[in-house]
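Please look through the sequence and the model below before reading on. The paragraphs that follow move from the whole chain to its core and then to a single helix.

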Amino acid sequence: MVKLLQLGALGLALSGLSTAVALPADATAAGPPAPAPPAPAPPKPKPPTCKGLTKRQEWRNMKRPDQQAYIKAQRCVMTSPAKLPKLKALGAKTRWDELVMLHQVEALQIHSTGTFLPFHRYFLHVHQFLLGECGYKGGLPWWNEPLDAGNFINSPLLDPVNGFGGDGTGPGNCTNGPFAGLTVNIGPGFFNKPRCVNRKINDFFSPLTNQTYVDEALNQPDYASAWVAIYMGPHLFGHIALAMMDGNSITSPGDPLFFTHHGFVDKMWWDWQARNLSARLTDMNGPNAQSPDIGFLEFPGGIAEEAAEQGWGSPSPAMLAITPDPKKGDNGGTETTLNHVMSSLGIIPDATVRDVMDIQGGYLCYQYE
Ligand SMILES: [Cu+2]
């Protein structure tokens, strides 16, 4: 991805160069001016395009070695030492912790907001980058949850050998399988306590990820209603049914399974966009941070009340000191725009919402299968 961007920038620089070279040639011509040759058509700036799309396959359609390579890379990120001094100072011990801390620090500006979908698309991209550091070159898997709605417990994704490990057991609801024995140091909430990878499957709520609810989201007429339908629909109920990392909204990405759930969420947004691309590649709005009075849409009460009731605590002054300005790029307003700047706290460069609107626009290059 980075390479493509660099190539794109190089192309622009080269096209600028050829224009610059053409001008002095005319200017130095001696004697009477020759009839001007027809001006060469200015090179059309090439829109950034994708050379070879990465395939994001549904987990059970991936070949077994590809599944194993993905899980191996996730384990590698979970055991690689943290790199960013500011995040290490706040308690991140591994590269995985840095990823989870990113979600933690920005939690109140990326949930219940218009930035929810673009940020989580960017967040998956950050995840992909970290897997790349561990040598993974394949696409991210996604989970077709309607196939398992009502029966998450028997999903092949929860297989201890060929999946992400099963339902949590024991006092910490620690999962078995490939992530057993690994430690996540970020969360729950705004606290940082070392924990196992944990989850608690609840098939009372998992039917609410079924195709009916997906279709309801996909049938929304505009972004303003679509993001709410996705967020409050299959996204939320998938989280409730999985209760990843103590069921905590702030630090649930500690569980590697999070990224297959959010692949499903991202695909819903893309499927919605694809129904009317010309309009929906630029359709963006919604608050760029939670209102203190409303907080998370899924919980009653505002931010302060939720923090107390959910036992999350609040961001420490040190966390607030590294929290990006949620209005950056939005002209100081409270509404998410295409110029909204998204930060990964230094894991990868910042991106704008515009960058991620098109999953095949050049900044991103993938397709769902
Ligand atoms: Cu999130």
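Among contacts in the chain between residues at least 6 apart in sequence, what percentage join residues at least 24 apart? The share is 69%, where two residues count as in contact if their C-beta atoms, placed from the backbone, lie within 7 Å.

This is a predicted model, in which local features need pLDDT of at least 70 and side-chain atom pairs count only at pLDDT 80 or more, while totals for chains, interfaces and linings use all residues. Residues are numbered from 1 along each chain as its sequence is written. The mean pLDDT (the predictor's confidence in each residue, from 0 to 100) is 90 for the chain, with 87% of residues reaching 70 or more. Over residues 1–31, however, pLDDT stays under 50. Where pLDDT is low, the predicted coordinates should not be read in detail.

Of the 369 residues in the chain, 43% are buried, that is, with 20 or more other C-beta atoms within 10 Å of their own. The largest nonpolar core (buried Ala, Val, Leu, Ile, Met, Phe, Trp, Tyr and Cys residues joined through C-beta atoms within 7 Å) has 80 residues, and those touching the most other members are Met-101, Ala-217, Trp-227, Ile-230, Met-268, Trp-269 and Val-356. Helix 8 gives the most to this core, with 9 residues.

Ala-217 also belongs to helix 7 (residues 211–218), whose buried residues are Tyr-213, Val-214 and Ala-217. Seen down the helix axis, these fall within an arc of 105 degrees, so they line one face of helix 7. Their cover includes helix 8 (223–242) and helix 10 (258–274).

Conventions
A residue is buried if 20 or more other C-beta atoms lie within 10 Å of its own, exposed if 12 or fewer, and partly exposed in between; C-beta atoms are placed from the backbone. Helices (H or I, at least four residues) and strands (E, at least two) are DSSP runs, numbered from the N terminus. The arc is that of the directions from the helix axis to the C-beta atoms.
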